[in-house]
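Trainee: I should be grateful for a close look at the aromatic side chains of this model. Please describe how they are arranged and what surrounds them.

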Amino acid sequence: MGLLDGKTALITGAARGIGKAIALKLASEGANIAFTDLNIDENAQATESEILALGVKAKGYASNAANFDETHKVVEEIHKEFGSIDILVNNAGITKDGLMLRMTEQQWDAVLTVNLKSAFNFIHACAPIMMRQRGGSIINMSSVVGVSGNAGQCNYSASKAGMIGLAKSTAKEFGSRGIRANCIAPGFIITEMTAQLSEEVRNEWAKTIPLRRGGTPEDVANVALFLASDMSSYVSGQVIHCCGGMNM
Ligand code: NAI
């Protein structure tokens, strides 16, 4: 018996990276998985096959999480296909780094829209379903820099701080309906997003981490499993850092 048998989890931006690791982890505990990404290409199809191999239902949907109408449409489709939405993981995210005075309006808008508005879109579409079910767990992917700030990432840090305010407000608005909302704040996790950094920068980061290593997507997925399951039944409105002690 798995911790999530019979539940449906919807994960955004899960064709690869942390989202994919979360999808596989929740599936390994019995959850059926609906995931979105910008395109359902070969990569996303391979993700879908890996999830299916765990013996649960799985389907990838092409959808731009930043688009309000597309989000409502895809959530309706997923609800029809899966019958419930019990867990929502707002994971889709991008970076477009630059120092404040060099940052363009486009860089700012793109990151805020994809990282933060997307989570509003999905909560707006899923909360009525969770209310009717009288329960649900919402997980927003924040970041340590949403708490501490980071030079060169004012747009990204603001979007990730926004994820915390959004989760806390959601926890307060929907708590009486049995819906919990929390954030994960990962530190330096080794994925394609961070692979763009040079070896030198990565080594510098590692020196600032008490556990002296970058995290893996599985490290983050383990926290997501805790927050998705009834193991965290009395945890809401919280930010769990998964960063090897980088932020305390
Ligand atoms: P990644 O770049 O490997 O994966 C992100 C996924 O989101 C990709 O599959 C991408 O196609 C998808 N995506 C991007 N824009 C989208 C949109 N508009 N609609 C739907 N899907 C979209 O990134 P990674 O590293 O797996 O990050 C996942 C989340 O974790 C992001 O929100 C990121 O900000 C956050 N995070 C990552 C950290 C890291 O060190 N890798 C640290 C802290 C937070």
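Mentor: What follows treats the aromatic pairs, then the charges placed over rings, and finally two helical sites.

The model is a predicted one, and it holds 2 aromatic pairs. A pair of aromatic rings is described by the distance of the centres and the angle of the planes. For Phe68 and Phe120 the ring centres are 6.1 Å apart and the planes meet at 20°, so this pair is stacked, given that planes under 30 degrees apart count as such. The two partners come from distant parts of the chain, 52 residues apart: Phe68 belongs to helix H3 (residues 68-82), whereas Phe120 belongs to helix H4 (residues 105-133). Phe68 is partly exposed, with a relative accessibility of 28%. Phe120 is likewise classed as partly exposed, its relative accessible area being 38%.

The other pair is that of Phe188 and Trp205, also stacked, with 5.1 Å from centre to centre and 25° between the planes. This pair too links distant parts of the chain, 17 residues apart. Phe188 lies in the loop between strand E6 (179-186) and helix H7 (192-195), while Trp205 lies in helix H8 (residues 199-207). A relative accessible area of 7% is under the 20% limit, so Phe188 counts as buried. Trp205, at 25%, is partly exposed.

Two further rings have a lysine over them. The charged end of Lys57 sits over the ring of Phe82, 5.0 Å from the ring centre. Lys59 is placed over the face of Tyr61, at 5.3 Å from the centre of that ring.

Helix H3, which contributes Phe68 to the first pair described, also contains Thr71. Thr71 is buried, with a relative accessible area of 0%. Apart from neighbours within four places in sequence, Thr71 is in contact with Asn64, Ala65, Asn121, Phe122 and Ala125.

Helix H9 (residues 217-228) completes the account. Its 12 residues reach 16 Å from the first C-alpha to the last, close to the 16 Å expected at 1.5 Å a residue. The buried residues of H9 are Pro217, Val220, Ala221, Val223, Ala224, Leu225, Leu227 and Ala228. Among the elements that cover these buried residues are helix H1 (17-28) and the strands E4 (87-90), E5 (136-141), E6 and E7 (239-242).

Technical notes:
Residues numbered from 1 in each chain as written. Predicted model: local features only at pLDDT ≥ 70, side-chain atom pairs only at ≥ 80, totals over all residues. Heavy atoms only, no water. Phe/Tyr/Trp six-rings, centres within 6.5 Å; stacked < 30°, edge-to-face > 60°. Helix = DSSP H or I, 4+ residues; strand = E, 2+ residues; numbered from the N terminus. Buried < 20%, exposed > 50% of the residue type's maximum accessible area, 1.4 Å probe, protein only. Lys NZ or Arg CZ within 6 Å of the ring centre and 35° of its normal. Expected span 1.5 Å × (residues − 1). Contact = heavy atoms within 4.5 Å.
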